[in-house]
Amino acid sequence: MGKPTGFLEYQRKSNREIPPEERIKNFNEFHVPLGEEDRQEQAARCMNCGVPFCQSAMRLHGMVTGCPLHNLIPEYNDQIYRGHYGHALSRLTKTNNFPEFTGRVCPALCEKACINGEYGEPVSCHDNELFLIETGFAAGKMVPRIPEVRSGRKVAVIGSGPSGLAAADQLNHRGHSVTVYERDDRIGGLLMYGIPNMKLDKSVIDRRRKLMEAEGVRFVTGVNVGVDVSGADLRKEYDAVVLCCGAKEPRKLAVEGFDDTKGVYFAVDFLKATTRSLLDSGFADKKFISAKGRDVVVVGGGDTGNDCIGTVIRQGCKSVTALEMMPEPPVVRTEDNPWPEWPKVKKTDYGHEEAIYLFGKDPRVYQTTVKELIRGKKGELTGIKTVKVHFENRKMVEEPGTEKTLKCDLLLIAAGFIGCQTYTAESFGVKLGQRQTVETAPEQYATSVPGVFTAGDMHRGQSLVVWAIHEGRCAARAVDEYLMGYSNESV
């Protein structure tokens, strides 16, 4: 424990945010790191609990609290406080392959389980993690770790999102020869094209790719497995295959005209086009879906919906409204949601803050969904009719007499995903479960086809980046055991 009285002496400080009026002018990251002395004080707030829930990943009332990667949080906090950044970094990277990703986009399950948060503010584990990895890169400590001995076994990883990258990283360091296949033009999966640049600068992904390539991982982009190359061919070429293609089948709205109305897009397509145009040409190619001067409605209240709000504001939308089917959450924990459970409270994220600044009100409308699309003569969207809803026995019920009409010429659907796109799984002949995810035994990663494994959202369904990394690590261990008869890989 770095400083026994630290949690009493120091108040929580988070990384500073550039004000909304400035940050909405561009797509740059907008968090400003604390200075070194402040960061050490923040680490000193860690109490080194006898039973640290922050690294537990316990399931309480159907919700997980604590880090799925079991990061050694009290240990690295102690070392940050003492200024031993190299030691702290080694503890962090022992369990987390990519702290530069989780330190930017993870909702910090660790902090929600911090005992300091029971009556006050939790330790800033999330920001401490990002400080360590960025300090490590800046100091030249993140150098290639090339395996001294190769196993002679070849593994193909299909998909380069966080689960695929984690699996590839683990298997490569074990000494296997790993090739990662990605159907898009850049690696990263949802990290690259599902998360906007202001939340995760894409140079961070490119930096990690260069390090992994230097360590021996081979990346093949622009190859759509199941279309450009068959699963059967890859099974002949490789000793094992790991399917990490994500849960990319978006959920549609059950309204007439959904598929053929101009101005209706899935959030994933909207965000992907925006990021690709930004990276390719700084938007000069105009190959993106523009919200400039348009009345935008976003359906869905999760992180993706928030990212859409932040993106359309940067594009210069005329207005933005966000529809959420669920009731508005409480501002503070209720008695039936005690610490250390995941706090089911209202979260005002960066996109919401920017909408409040720009339009003077919170964009979210709760317990509401789209009932009807209003179209012009050419089939273009001109408005929507909404209706209030509530749930009875898990079934959504409309409330008569609550219909409203909203101006809308751009409707973005961020209502989640219903599972993987099935063609790659079908190419390998693996079984799919009821949730349209690849089927395995409980808590296992081997599919119904020998030598074929799966991980990430394709396996567990739509989830968090930190869970995807955990899944990739677990799948890598299973592959290693399959190839070698044993494994010394940690998960």
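These legends walk through several close-up views of a predicted model.

**View 1. Helix 4 packs against helix 8.** Let's start with a pair of helices: helix 4 covers residues 73-81 and helix 8 covers residues 125-138. Their axes lie 11 Å apart and make an angle of about 65°, and the crossing is left-handed. On the helix 4 side, the residues in the contact are I73, Y76, N77 and I80. Their partners in helix 8 are C125, N128, E129, F131 and L132. By type, the residues of this contact are six nonpolar, two polar and one charged.

**View 2. R207 and E134 form a salt bridge.** Staying with helix 8, we find E134 paired with R207 through their side chains, at 2.9 Å from N to O. R207 belongs to helix 11 (residues 202-214) and E134 to helix 8, so the salt bridge ties together parts that are 73 residues apart in sequence. R207 has a relative accessible area of 24%, which makes this residue partly exposed. E134 is also partly exposed, at 23%.

**View 3. D480 and R174 meet in a salt bridge.** Here the side chains come to 2.4 Å, N to O. D480 sits in helix 18 (residues 465-484), while R174 is in the loop between helix 9 (162-173) and strand 6 (177-182); the two are 306 residues apart. Are these partners buried or exposed? Both D480 and R174 are buried.

**View 4. A salt bridge joins E372 to K385.** The closest N and O atoms of this pair are 3.7 Å apart. E372 lies in strand 13 (residues 368-375) and K385 in strand 14 (residues 381-392), with their positions 13 residues apart in the chain. E372 is partly exposed, with a relative accessible area of 37%, and K385 is partly exposed as well, at 27%.

**View 5. Several charged residues are linked in a salt-bridge network.** This view gathers D184, D185, R186, K272, R276 and D280, which are connected by salt bridges. Across the whole structure, a search finds 34 salt bridges. As general background, side chains of opposite charge can pair when their charged atoms come close.

**View 6. K252 sits in a loop between two strands.** The strands on either side are strand 8 (240-243) and strand 9 (264-266). K252 is partly exposed, with a relative accessible area of 48%. Which residues does K252 touch, leaving aside neighbours within four places in sequence? They are F258, D259 and F266. With D259, the side chain of K252 makes a polar contact of 3.2 Å.

Definitions and conventions. Residues are numbered from 1 along each chain as its sequence is written. This is a predicted model: local features need pLDDT of at least 70, side-chain atom pairs count only at pLDDT 80 or more; totals for chains, interfaces and linings use all residues. Side-chain values use heavy atoms; hydrogens and water are left out. Axes are lines fitted to C-alpha atoms, for helices over the stretch in contact, and angles run from 0 to 180 degrees between N-to-C directions. Helices (H or I, at least four residues) and strands (E, at least two) are DSSP runs, numbered from the N terminus. A crossing is left-handed if the near helix is turned anticlockwise from the far one by less than a right angle, and right-handed if clockwise. Contact means heavy atoms within 4.5 Å. Ala, Val, Leu, Ile, Met, Phe, Trp, Tyr, Cys and Pro count as nonpolar, Asp, Glu, Lys and Arg as charged, and the others, Gly among them, as polar. Buried means under 20% relative accessible area, exposed over 50%, partly exposed in between (1.4 Å probe, protein chains only). A polar contact is a pair of N or O atoms within 3.5 Å; within protein, one must be able to donate a hydrogen and the other to accept it, and residues adjacent in sequence count only if both atoms are side-chain atoms. A salt bridge is a side-chain nitrogen of Lys or Arg within 4 Å of a carboxyl oxygen of Asp or Glu.
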